[in-house]
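Morning, everyone. I have one structure for you today. Let me put it on the screen.

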Amino acid sequence: MKPIITATECASESAGSRPPVLLDVRWQLGGPNGRPDYEAGHLPGAVYVDLDTELAGPAGDGGRHPLPDPEDFGAVMRRAGVGQDTPVVVYDGGQGWAAARAWWLLRWTGHQDVRVLDGGLAAWTGDLSTGIPRPSEGDFRPKPGSLPTLDAESAAAFARSGLLLDARAAERYRGDVEPIDRVGGHIPGAVSAPTTSNVDEDGRFLPAERLAARFAGLGAEGSSEGVGVYCGSGVSGAHEVLALEIAGFTGVLLYPGSWSEWSSDPARPVATGPEPQ
């Protein structure tokens with residue numbers, strides 16, 4: 001199954017005999033809560049899910065967006081109507097990061113039928129709704145660990161033995177600027193791979209063959225240990241994992257704590273400047 005769905009396909013499936021559960025996860029880094037935008041207009045039947053409080057645990061030593069407690073996450077999904085075998089489509093305002101986070105969490109907890117609306121709400125040409133749905137309770141029961149992850153120690157090792165991609169903007173990777181976390185730079189040995197290069201000007205993913213060529217150029221095909229990804233706090237990194245899956249790379253490991261966790265410990269090494277040759 002492709003991990004993304006077009007707006008046309010989503011509209012067709014929503015009108016069919018087995019409509020997907022629609023999750024609206026609009027979110028902006030450092031921006032206002034997305035619920036007012038949701039209430040002003042969303043895909044008909046979509047349920048709002050808040051990234052900061054429902055797709056992440058409390059910020060702390062584990063980073064700014066640590067993984068949520070699986071049971072808490074499962075309860076959120078059941079309230080949204082998600083069942084064990086229910087198809088799910090997630091979307092955000094168009095950047096794709098928040099939608100990818102929800103996609104990754106559902107996959108990590110064992111859900112097999114979840115896709116991201118390519119291009120997000122901006123790609124939708126149908127009517128919007130202001131009604132707040134009250135779906136029937138779903139029966140989804142999380143099975144965490146269904147996708148592989150890295151912690152700080154294994155991420156450091158992976159950067160030495162495999163290919164660890166840094167999905168943040170190149171200037172944050174180099175340490176030129178750091179607007180959020182304690183210190184700028186990157187995990188030693190990581191390779192810069194900004195997730196913004198995975199999409200076109202409309203926020204839609206590039207064709208699979210172009211993504212495959214991009215990641216091959218970064219060393220993904222030659223890495224015997226596979227590919228790992230991190231970002232600032234595990235959100236845009238999920239978008240990179242999604243792009244890699246579209247490109248045909250499976251088993252990609254995400255470091256959920258990412259730079260926000262790594263940089264919080266002054267004992268951990270920090271590299272700056274351009275990527276290693």
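I'll go through the sheet, then the aromatic rings, then the cysteines.

One caveat up front: this is a predicted model.

Start with the sheet. It is open, and it has four strands. Read across, the order is β7-β6-β8-β9. The pairing is parallel. Which strands sit at the edges? Those are β7, residues 191-192, and β9. Each of the two pairs on one side only.

Now look at β6 and β8. Strand β6 covers residues 163-166, and strand β8 covers residues 227-230. They are joined by four bridges, in the parallel sense. To get your register, take Leu-163: it stands opposite Val-227 in β8.

What packs on this sheet? Helix α9 does, and it touches β6, β8 and β9. The direction of α9 makes about 150° with that of β8.

Next, the rings. How many aromatic pairs are there? The count is three. I'll show two of those.

Trp-104 and Trp-108 come up as a stacked pair. Their centres are 5.8 Å apart, with 10° between the planes. Both belong to helix α5, which spans residues 97-108. They are four residues apart, about one turn of the helix.

Buried or exposed? Trp-104 has a relative accessible area of 1%, so it is buried. Trp-108 comes out at 9%, and it also counts as buried, because the cut-off is under 20%.

The other pair is Phe-215 with Phe-249. Here the centres are 6.4 Å apart. The planes meet at 80°, so this pair is edge-to-face. Where do the partners sit? Phe-215 is in helix α8, residues 208-217. Phe-249 is in the loop between α9, residues 236-246, and β9, residues 253-254. So this pair links distant parts of the chain, 34 residues apart.

Accessibility again. Phe-215 is at 0%, which means buried. Phe-249 is at 16%, and that still counts as buried, because it falls under 20%.

One more ring, this time with a charge. Arg-268 lies over the face of Trp-262. The distance to the ring centre is 5.8 Å.

Last, the cysteines. How many disulfides does the structure hold? Zero. What about burial? Cys-10 has a relative accessible area of 0%, so it is buried. Cys-231 is at 1%, and it counts as buried too.

That's my set. Over to you for questions.

Conventions: Residues numbered from 1 in each chain as written. Predicted model: local features only at pLDDT ≥ 70, side-chain atom pairs only at ≥ 80, totals over all residues. Heavy atoms only, no water. Disulfide = S-S within 2.5 Å. Buried < 20%, exposed > 50% of the residue type's maximum accessible area, 1.4 Å probe, protein only. Phe/Tyr/Trp six-rings, centres within 6.5 Å; stacked < 30°, edge-to-face > 60°. Lys NZ or Arg CZ within 6 Å of the ring centre and 35° of its normal. Pairing = 2+ DSSP bridges. Contact = heavy atoms within 4.5 Å. Axes fitted to C-alpha atoms, helices over the stretch in contact; angles between N-to-C directions.
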